Amino acid sequence: MLILAVESSCDETAAAVSRGREILSDVVFSQADMHAIYGGVVPEIASRRHIEKVSLVAEQALAQAGVSLRELDAVAATCAPGLIGALLVGANFAKGCAMALGVPFVPVHHIRGHIAAAYAAYPALEPPFTALVASGGHTTIIDVEDYTRMRTVGRTRDDAAGEAFDKIARVLGLPYPGGAALDRLAQQTEAQPYRLPRSHVADGEYDMSFSGLKTAAVNIIHNAEQKGERMDLPGMARSVAEAVADITVPRLISAALACGRDTVVAAGGVAANSVLRARLEDECCRRGLRLFLPPLRLCGDNGSMIAVQAYYELAAGNTGTLAQNCFATLAPDEQVSRA
Ligand code: KG4
Ligand code: ZN
């Protein structure tokens with residue numbers, strides 16, 4: 001089963017070719033440097049860049065896989081959630097290919113895709129398990145009952161973890177997207193000189209909140225600036241990363257145990273964070289849980305994760321018609337092809 005998949009939900013134009021859950025090629029064109037000038041993603045610019053690059057990344061993915069268009073069994077694209085104009089570019093491209101080739105079009109949920117990055121990395125991994133998906137737009141704890149059946153058990157009530165990392169990095173003067181740069185700073189120290197809040201959501205055991213953490217860090221940075229004091233940059237980076245791990249890891253582990261799972265997955269751009277990964281390894285080992293972390297290159301947005309999830313959606317009969325729409329928001333519990 002050969003699948004070409006396109007991902008264009010945010011600022012990466014990506015394509016991959018898979019055979020089953022095996023990745024044959026993976027091409028990512030990052031627009032990050034274009035958005036860095038503005039300190040964040042500008043949706044209109046993202047859409048325009050996607051339309052310029054989408055056919056190129058798809059051609060490269062096919063060439064690197066040594067697969068011709070005519071050999072494809074299906075063409076897939078991320079259809080939700082994400083920037084709507086950006087999603088429409090990838091979805092329309094994939095629909096056009098599917099129509100021309102006379103093969104199914106498979107709409108894929110982006111968060112399901114992030115989880116599927118773990119299938120691409122670990123051939124033996126199978127549901128059920130409980131997953132944390134943490135990225136620039138989402139922070140969600142999901143019980144994955146089966147490849148295409150899942151239930152959200154916890155989510156952020158305000159900002160995503162990646163948003164907090166990016167905003168704090170920006171106020172510290174680091175280039176966008178700042179999560180990875182903050183991580184490199186955090187690796188220079190184990191000290192946590194800044195006290196940052198770990199908010200609890202009173203009526204949601206597994207729900208999370210990051211806006212208090214973000215605001216507290218930004219206030220500390222602004223106060224230091226006003227007083228002319230030098231910030232301890234690695235100390236701030238470490239304090240933030242430890243706070244994010246304190247908020248996410250215990251909730252993920254409690255949710256997994258409550259769901260009766262012995263396996264845990266963490267995925268999404270923020271799952272590349274070294275402090276979070278180390279904490280997950282320690283805690284899962286202590287609790288006797290099996291942990292699957294995708295390698296760093298599969299944590300951020302990519303086409304492989306969409307191709308692998310598309311394989312399972314196709315197997316479950318979840319294909320889209322050529323009238324399939326895209327959605328800026330949609331829970332991973334929902335079926336994109338039926339939304
Ligand atoms: O999954 P992703 O590439 O795109 C979305 O779906 O949003 O995630 C991007 C997010 C950004 O907020 C970025 O700063 C963050 O992931 N990120 C990190 C690290 N690498 C990327 N955050 C913390 N530590 C990292 N090493
Ligand atoms: Zn993502």
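**Ligand shell and sheet architecture of the predicted model**

A backbone N or O atom of Gly 179 lies 3.1 Å from an oxygen atom of ligand 1, a polar contact in the sense of a pair of N or O atoms within 3.5 Å (within protein, one atom must be able to donate a hydrogen and the other to accept it, and residues adjacent in sequence count only if both atoms are side-chain atoms). The protein covers 86% of the 550 Å² of accessible area that ligand 1 has on its own; accessible areas were obtained by the Shrake-Rupley method with a 1.4 Å probe, and for residues only the protein chains shown count as cover. The structure is a predicted model, in which local features require pLDDT of at least 70 and side-chain atom pairs pLDDT 80 or more, while totals for chains, interfaces and linings use all residues; side-chain values use heavy atoms, with hydrogens and water left out. Residues are numbered from 1 along each chain as its sequence is written, and chains are lettered from A and ligands numbered from 1 in the order in which they are written.

Further contacts to ligand 1 involve both backbone and side-chain atoms. A backbone N or O atom of Gly 137 is found 3.4 Å from a ligand oxygen atom, and a side-chain N or O atom of His 110 is 3.2 Å from an oxygen atom of ligand 1. The shell around the ligand comprises 19 residues, of which Gly 136, Asp 166, Asp 183, Gly 269 and Asn 273 come nearest; a residue is taken as near if one of its heavy atoms lies within 4 Å of the molecule or strand in question. By class, six shell residues are nonpolar, 10 polar and three charged, where Ala, Val, Leu, Ile, Met, Phe, Trp, Tyr, Cys and Pro count as nonpolar, Asp, Glu, Lys and Arg as charged, and the others, Gly among them, as polar.

At least two shell residues are supplied by each of helix 4 (110–121), helix 5 (161–171) and helix 6 (179–186). Helices (H or I, at least four residues) and strands (E, at least two) are DSSP runs numbered from the N terminus. Ligand 1 lies between domain 1 (2–114 + 301–338) and domain 2 (127–298), because both give residues to its shell; the domain bounds come from an automatic or database domain assignment.

One open sheet has five strands in the order 3-2-1-4-5, with mixed pairing. Strand 3 (22–30) and strand 5 (105–109) stand at its edges with a single partner strand each, so one side of each is left without a neighbour in the sheet. Neighbouring strands are turned by 20 degrees against each other on average, direction ignored; axes are lines fitted to C-alpha atoms, for helices over the stretch in contact, and angles run from 0 to 180 degrees between N-to-C directions. Strand 1 (residues 2–7) and strand 4 (residues 74–80) run parallel and are joined by four bridges, pairing being assigned if DSSP finds at least two bridges between two strands. Val 6 stands opposite Ala 77 in strand 4. Strand 2 (residues 12–19) pairs with strand 3 in the antiparallel sense over eight bridges, and Ala 14 has Val 28 in strand 3 as its bridge partner. The hairpin of these two strands has two residues between them, and Gly 20 there takes a positive phi near 65 degrees.

A second description applies to the open sheet of five strands ordered 8-7-6-9-10, also with mixed pairing. Strand 8 and strand 10 (290–292) occupy the edges, each with a single partner strand, so one side of each is left without a neighbour in the sheet. The twist averages 25 degrees from one strand to the next. Strand 7 (residues 139–146) and strand 8 (residues 149–155) are antiparallel and share six bridges; a hairpin joins strand 7 to strand 8 through two residues. Asp 146 stands opposite Arg 149 in strand 8.
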